[in-house]
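Me: I would like to go through this model with you. Could we begin with the sheet and then turn to one residue?

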Amino acid sequence: MRFWCFLLCAALLLSLCACAQPPVLVPAADAAKIPAAPTAEPTTETAQPARSEPEAVVSEDIATAVLSEYSKEVYVRVSYPVLLSSPTASASIENFVEELVAQYRPEATDLALELTPPEHAPYWPDSDLALELTGRITFCSEELVSVVFEGLYNAKTAVHPTNLLISRNFDPQTGERIRFADRYVIDSALYEAFVASAEATITEQAGGTWSKGWGTFAEVFSCDEETFIARLTAEETYHTFFTQTAVYISLPTSHSACDHQEFPLPYDTLTPIQ
């Protein structure tokens, strides 16, 4: 009897092992989340609405690299995805990371580092300036790759650290940047769809209420239709990134509203450029 029980258990174990499959590229909507980048707490005590973030594409074809620099003057740590199947796209991502680091380094900001910092700063006590970002791919196809970086920027002279979300879309074949305006029409209809999405997102996050501590709707967005169209077309202060189900638009906000907010525009609300 023990012999047959042993054979039965062995067969069951082999069948379970045979079901294991190697990881494959999956849509962002179904992918497991990469651990979130650090987020600075707002300086006010008002509770903030929950933030829903698009999930990252997970694949054995995506590796992670880290660009770092640690000294008394500078703390930099940027982890970014490397698309093994597309050296061209990976090179573009790496170049973009180097641009980001150069943008926030002390040499480019002319900081008065000798000033005495506020008592509650800095968040990194061993450096005068710090930049920490975590990158992830939210969409990956033969035509487009979207990369999103989230994290913190802080200087000893700042009152508080700044939450960052910076994205970039690339053509994986050429490595060239792809803007929202390259793919979709930006007009009054899009602005109306954006406002509807923003109102729905905020209502859901706030549980149907809006706290005075977050400021008014106009203060959060700081734009009318004309301003929205101009900023989205330039895509400098606004950032866009693609997912399996929608294009997200990230807008800068006040620090009490976490410095940035993202709103989805489902593809069926967008008009492709002919």
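The exchange below discusses the sheet, a helix that packs on it, and Arg183 in this predicted model.

Me: In what order do the strands of the sheet run?

Reply: The order is E1-E2-E3-E4-E5, in an open sheet of 5 strands with mixed pairing.

Me: Which strands stand at the edges?

Reply: Strand E1 (62-70) and strand E5 (162-170) do; each has a single partner strand, so one side of each is left without a neighbour in the sheet. On average, neighbouring strands of this sheet are turned by 15° against each other, direction ignored.

Me: And E2 with E3, parallel or antiparallel?

Reply: Strand E2 (residues 74-83) pairs with strand E3 (residues 129-140) in the parallel sense, over 6 bridges. Within E3, Ala130 is the bridge partner of Tyr75.

Me: Which strands does helix H2 touch?

Reply: Helix H2 (residues 87-104) packs on the sheet and touches E1, E2, E3, strand E4 (145-155) and E5. The direction of H2 makes about 165° with that of E2.

Me: Changing topic: where is Arg183?

Reply: Arg183 lies in helix H4 (residues 180-183).

Me: What is its relative accessible area?

Reply: The value for Arg183 is 27%, so this residue is partly exposed, as the range for that class runs from 20% to 50%.

Me: Which residues does Arg183 touch, leaving out those up to four places away in sequence?

Reply: Arg183 touches Glu143, Leu144, Ile178, Phe242, Thr271, Pro272 and Ile273. Arg183 and Ile273 are 90 residues apart in sequence, with a C-alpha to C-alpha distance of 5.7 Å.

How values were computed: Residues are numbered from 1 along each chain as its sequence is written. This is a predicted model: local features need pLDDT of at least 70, side-chain atom pairs count only at pLDDT 80 or more; totals for chains, interfaces and linings use all residues. Side-chain values use heavy atoms; hydrogens and water are left out. Two strands pair if DSSP finds at least two bridges between them. Helices (H or I, at least four residues) and strands (E, at least two) are DSSP runs, numbered from the N terminus. Axes are lines fitted to C-alpha atoms, for helices over the stretch in contact, and angles run from 0 to 180 degrees between N-to-C directions. Contact means heavy atoms within 4.5 Å. Buried means under 20% relative accessible area, exposed over 50%, partly exposed in between (1.4 Å probe, protein chains only).
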